[in-house]
Amino acid sequence: MARLFGTDGVRGLANDLLTPALAVQLGEAAAQVLTRGAPASSRSRTGRFRAIVGRDTRASGEFLDHAISAGLASSGIDVTRVGVLPTPAIAHLTATQDIELGVMISASHNPFQDNGIKFFARGGYKLEDAVEDKIESLLGRTDPPPVGAGVGRVIKGETVADQTYINHLVDSTGTDLSGLRIVVDASNGAAFTVGPAALRAAGAEVIVINASPDGLNINAACGSTHPEQLQTYVPSVGADMGFAYDGDADRCLAVDAEGNLIDGDQIMGLLAVGMKADGLLASDTLVVTVMSNLGLLLAMKEHGIRTVQTGVGDRYVLERMVQGGYTLGGEQSGHVIDTLHATTGDGVLTSLRVAARVTRSGASLAELASVVTRLPQTLVNVRGVDKAAAHTDAAVQKAVAQAEERLGQAGRVLLRPSGTEPLVRVMVEAATQGEADAVAAGLAEAVKDNLSLA
């Protein structure tokens, strides 16, 4: 049977894979695993452990919120339901409010019909694989449940949680953004209220688009996965910059005053240079994934910044950051992790930090982002192949070696098997787009010819 937990919690079609019954069971199992061995001193004055549950704006999040809260409360956990808040807000509140576990109900950048459940342990960190496996092993098998006064209570705490998170964001920025005009594309998602509110609290003039969630329009042709509208809107209103979040606001992409897209690599590059100058970039090191553009790696080398690469996924970036004591890392997709102020990627925090860098430097966002010159990149998904053989098949490896020889130091080749499908991703970076396209096409053909399952 396939593992229920994926790279970022349990995710699937709501009310199909992800049912209310499963949510109740996940709550019961997580209550057992994440409170086991916890000291009595971490219990609240009621004598029970505490949990916090938040969600994005999907319609299905409403019933899943109630279901997982029921599972937790029936296991003796006091639950505070904070309603619609970004994923990083749940992580922050779990880390700072003496809470034993946090739950976020979201499918991130997926379409509205999907949903997901992810957990945060005490301290606000995502769970390790072994802990997720333990929760999965206990589904449907619970300890004798508490009765009477032992059952948990469920309360609502939206307003207090919202303001606590906004205060944290503004305090973390520490810069007056007065004079900046900023457009926010909230993706009709979890940051539709707190994102603009935080930027305004920091002093910026904020224009908001896609901030009218109806339960069905989250991520629909908007946000970080579809920034085209923002790219047109920013120059049309004379804004200095724009920011696009995804559905749960753990990602952020930016747009400069001319409407040019600034991706996660460029955001990390400009922040890394600024943090190094301020003495805040631990070990002068930036943590990125293997999918980051070679242009970022070359730019960081020019500025005396070391790059450490991990597998794809913000959780792997964070693990490496914690291991090395590093303070900045992330992904090209816009997950940017600043461990000085957060325990996970935070799109709203990223937008504030970028805006603050513009204010303090006196340079435009375009000027700051120019520190990274992105190499042309081509990505081809080759489906219906034996992904396990991608790094062992002799013919494919010969094709990779030939491609690398052709590109030399001016390019890069990466084959990445999918974690969930019979698919291999072929990524090529080169000095020109035409060369990247040609090399990627040749490699994709080699993968299909030699690894096809047909």
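What is the sign of phi at G203, the residue that follows α6? I looked this up before anything else. The phi of G203 is positive, near 110 degrees. I note here that the model is predicted.

**Entry: helix α6**

I stayed with α6, which covers residues 194-201, and listed its buried residues: V194, G195, P196, A198 and L199. I then asked what they pack against. The partners are two helices, α5 (158-173) and α11 (347-361), and the strands β8 (181-185), β9 (205-209) and β10.

**Entry: the sheet with β8 and β9**

I followed β8 and β9 into their sheet. The sheet is open and has five strands, ordered β9-β8-β10-β11-β12, with mixed pairing. I found β9 at one edge and β12 (261-262) at the other, each pairing on one side only. Between β8 and β9 I recorded five bridges, and the two strands run parallel. For one residue pair I noted V184, whose bridge partner in β9 is V208.

**Entry: D214**

Past β9, I looked at D214, in the loop that leads to α7 (228-236). Is D214 buried or exposed? Its relative accessible area is 53%, so D214 counts as exposed. I checked its side chain for polar partners. A polar atom of that side chain lies 2.8 Å from the backbone nitrogen of L216. The D214 side chain also reaches the backbone nitrogen of N217, at 3.0 Å. As a long-range distance I took D214 to R412: they are 198 residues apart along the chain, and their C-alpha atoms are separated by 43 Å.

**Entry: R251**

I went next to R251, in the loop between β10 (241-245) and β11 (252-256). R251 counts as buried because its relative accessibility is 13%, and the cut-off for buried is under 20%. Which side chain does the R251 side chain meet in a polar contact? I found H109, at 3.2 Å. Leaving aside neighbours within four places in sequence, I listed the contacts of R251 as H109, S224, A244, Y245, D246, S333, G334, H335 and G347.

**Entry: nonpolar cores**

I looked up the cores with a general point in mind: in soluble globular proteins, nonpolar side chains tend to be buried together. The largest nonpolar core here has 66 residues. Within this core, L177, I182, Y245 and L286 have the most contacts. Y245 is also on my contact list for R251. I found a second, separate core of 32 residues, with L22, A51, F119 and L138 among them.

**Entry: the aromatic pair**

How many aromatic pairs does a search of the whole structure find? It finds one. The pair is F5 with F119, and I logged it as tilted, with 6.5 Å centre to centre and 45 degrees between the planes. F5 sits in the segment before β1 (10-13) and F119 in strand β5 (residues 114-121), so I checked the sequence separation, which is 114 residues; the pair links distant parts of the chain. Both F5 and F119 are buried.

**Entry: helix α2**

Last, I checked α2, residues 60-73. This helix has 14 residues and spans 20 Å from its first C-alpha to its last, close to the 20 Å expected at 1.5 Å a residue. I found α2 mostly covered, with ten of its 14 residues buried. These are S60, G61, L64, D65, A67, I68, S69, G71, L72 and A73. What covers them includes α1 (20-35), β2 (50-55), β3 (78-84), β4 (101-105), β5 and β7 (154-156).

Terms used:
Residues are numbered from 1 along each chain as its sequence is written. This is a predicted model: local features need pLDDT of at least 70, side-chain atom pairs count only at pLDDT 80 or more; totals for chains, interfaces and linings use all residues. Side-chain values use heavy atoms; hydrogens and water are left out. A nonpolar core is a set of buried Ala, Val, Leu, Ile, Met, Phe, Trp, Tyr and Cys residues joined through side-chain atoms within 4.5 Å. Buried means under 20% relative accessible area, exposed over 50%, partly exposed in between (1.4 Å probe, protein chains only). Rings of Phe, Tyr and Trp (its six-membered ring) pair if their centres lie within 6.5 Å; planes under 30 degrees apart count as stacked, over 60 as edge-to-face and the rest as tilted. Helices (H or I, at least four residues) and strands (E, at least two) are DSSP runs, numbered from the N terminus. A polar contact is a pair of N or O atoms within 3.5 Å; within protein, one must be able to donate a hydrogen and the other to accept it, and residues adjacent in sequence count only if both atoms are side-chain atoms. Contact means heavy atoms within 4.5 Å. The expected span of a helix is 1.5 Å times one less than its number of residues. Two strands pair if DSSP finds at least two bridges between them.
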